[in-house]
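Student: Hi, could we go through this structure together, slowly? I'd like to start with charged side chains and then see where that takes us.

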Amino acid sequence: MSTAQRIQFKEKEPFILSGMMVLVLNILLTLAALAAFTIGVVICAQNESDPLGITLIVVGGVYGFLLTWLLFMGLKIIKPNESVVLTLFGRYHGTIKREGFFWVNPFAVSVHPGESSALGSMLEQVKETGSAKITMSKPMNKKVSLKVQTLNNNQQKINDQLGNPIIIGIVVVWKVVDPTKAVFNVDNYKEYLSTQCDSALRNIVRLYPYDTFGNDNEKTLRGSSQEISLKLKAEIQEKVVIAGLEINEARITHLAYAPEIANAMLQRQQATAIIDARQIIVEGAVTMVEMALAKLNEKNLVALDEERKAAMVSNLMVVLCGSRDAQPIINSGSLY
């Protein structure tokens, strides 16, 4: 049984009420509590015949005001493509994925997986710099975004199938589909995704060569980008399903040889290109020589013996295959 199957959180929606209705009722309750407190203080100042009843009115107004403050804490605003994961006294309480204005149990706390990582990063900075200065920043957003996001990982140096070091980078388009798993199954789902992208990229790259230099039948990182993207997407998706993530696309954005072998590989590519070009030139030159000899024999313009044919073929091949312009030479004598 895989890890994704063993760790399961059944997503549920908590008990919620209309936030606007609770807000209106809470405002009325607040006004009533303030009025009771004020009336109790005024009566206490004017008449002390019933101090116990007056005290109860005042205390009731105070507790009513505290109750309204507590009820205000349960109001939540959820924007489109956002969700809130709630815990109640350490237990999973529910997930709100609907947009709108709601009221939930005020003791339910919103949780976000980035809290511990952000605190750990701050402590590491303090440890490295030796400074105990703490700067106040804006409060962390406790909502989990359901929008489509892009992860552009840092470029990595990886050895391909032939052992050549290459520099490669990828971009991954992803989104959260199960915020409950994203919060509870991993410490920080963004860092988890980044790590799994690096791991999957290394597993895929080592199966293919960067280039085969002429063998078009073999799949390469440079020539089979579509197939490699599909395999990369499938492997990343398999690894991040435990975190409630969905991978929409994974593509290579940067691909190059490492600097230490880049010049040698460039020379190899140039040599391969020169050989391929020379092969085409020679094939075309042979064809043109055959056509020239055939035309001369067909029209009987010149009677050539084998030695003259060999000389003519040699001159034509030099002219057609040479990398420089031919220099004409006038022969005033004879071959014999």
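Tutor: Let us begin with some vocabulary: a salt bridge is a side-chain nitrogen of Lys or Arg within 4 Å of a carboxyl oxygen of Asp or Glu, and a residue counts as buried when its relative accessible area is under 20%. Please keep in mind throughout that this is a predicted model.

Student: OK, so which charged residue is buried yet has no salt bridge?

Tutor: That is E235, and the nearest side chain of opposite charge, which belongs to K239, is 4.3 Å away. Because a salt bridge has to fall within 4 Å, the distance of 4.3 Å between E235 and K239 does not qualify.

Student: Where is E235 found, and what does it touch?

Tutor: E235 is part of helix α7, and, if we leave aside residues up to four places away in sequence, it touches A200, N203 and I204. Those three, A200, N203 and I204, are also among the residues with which α6 makes its contact with α7.

Student: At what angle do α6 and α7 pack?

Tutor: Helix α6, which covers residues 189-205, packs with α7 at an angle of about 135°, and the two axes are 9 Å apart. Angles over 145 degrees would count as roughly antiparallel and those from 65 to 115 as roughly perpendicular, and α6 and α7 are therefore described as oblique to each other. Their crossing is right-handed.

Student: And which residues of α7 make the contact?

Tutor: On the α7 side they are I228, K231, L232, E235, I236, K239 and V240, while α6 contributes residues including Y192, L193 and Q196.

Student: Back to salt bridges, then: how many does the structure hold?

Tutor: It holds 5 of them. One that links distant parts of the chain joins R98, in the loop between β4 (91-96) and β5 (100-103), to E13, in the loop between α1 (3-6) and β1 (17-18), and these two residues are 85 apart in sequence. The side chains of R98 and E13 come to 3.1 Å, taken from N to O.

Student: Are R98 and E13 buried or exposed?

Tutor: Neither word fits R98, which is partly exposed with a relative accessible area of 42%. E13 is likewise partly exposed, at 42%.

Student: What about bridges inside a helix, say between E227 and K231?

Tutor: E227 and K231 do form a salt bridge, with 3.9 Å from N to O, and both belong to helix α7 (residues 225-240), where they sit 4 residues apart, or about one turn of the helix. E227 has a relative accessible area of 24% and is partly exposed, and K231 is partly exposed too, at 38%.

Student: How far apart are the closest N and O atoms of R251 and E249?

Tutor: In that salt bridge they are 2.4 Å apart. R251 is partly exposed, with a relative accessible area of 33%, and E249 is partly exposed as well, also with 33%. Elsewhere, K219, E227 and K231 are joined into one network by salt bridges that share partners.

Student: Changing topic: which residues have a positive phi although they are not glycines?

Tutor: N81 is one of them, with a phi of about 60°, and F89 is another, with about 55°. They are worth pointing out because most residues other than glycine have a negative phi.

Student: Where do N81 and F89 lie?

Tutor: N81 lies in the loop between β2 (75-78) and β3 (82-88), and F89 lies in the loop between β3 and β4. N81 counts as partly exposed, at 46% relative accessibility, whereas F89 counts as exposed, at 67%.

Student: Can you give me the overall picture before we stop?

Tutor: The protein has 9 helices and 11 strands, and 32% of its 336 residues count as buried. Among the contacts with a separation of 6 or more, 72% are between residues 24 or more positions apart. As an example of two residues separated in sequence, G60 and A33 are 27 residues apart along the chain and 7.4 Å apart in space, from C-alpha to C-alpha. G60 lies in helix α3 (residues 51-72) and is partly exposed, at 41% relative accessibility.

Conventions: Residues numbered from 1 in each chain as written. Predicted model: local features only at pLDDT ≥ 70, side-chain atom pairs only at ≥ 80, totals over all residues. Heavy atoms only, no water. Buried < 20%, exposed > 50% of the residue type's maximum accessible area, 1.4 Å probe, protein only. Lys, Arg positive; Asp, Glu negative; His and termini not counted. Contact = heavy atoms within 4.5 Å. Axes fitted to C-alpha atoms, helices over the stretch in contact; angles between N-to-C directions. Parallel < 35°, antiparallel > 145°, perpendicular 65-115°, else oblique. Left-handed = near helix turned anticlockwise from the far one by under 90°.
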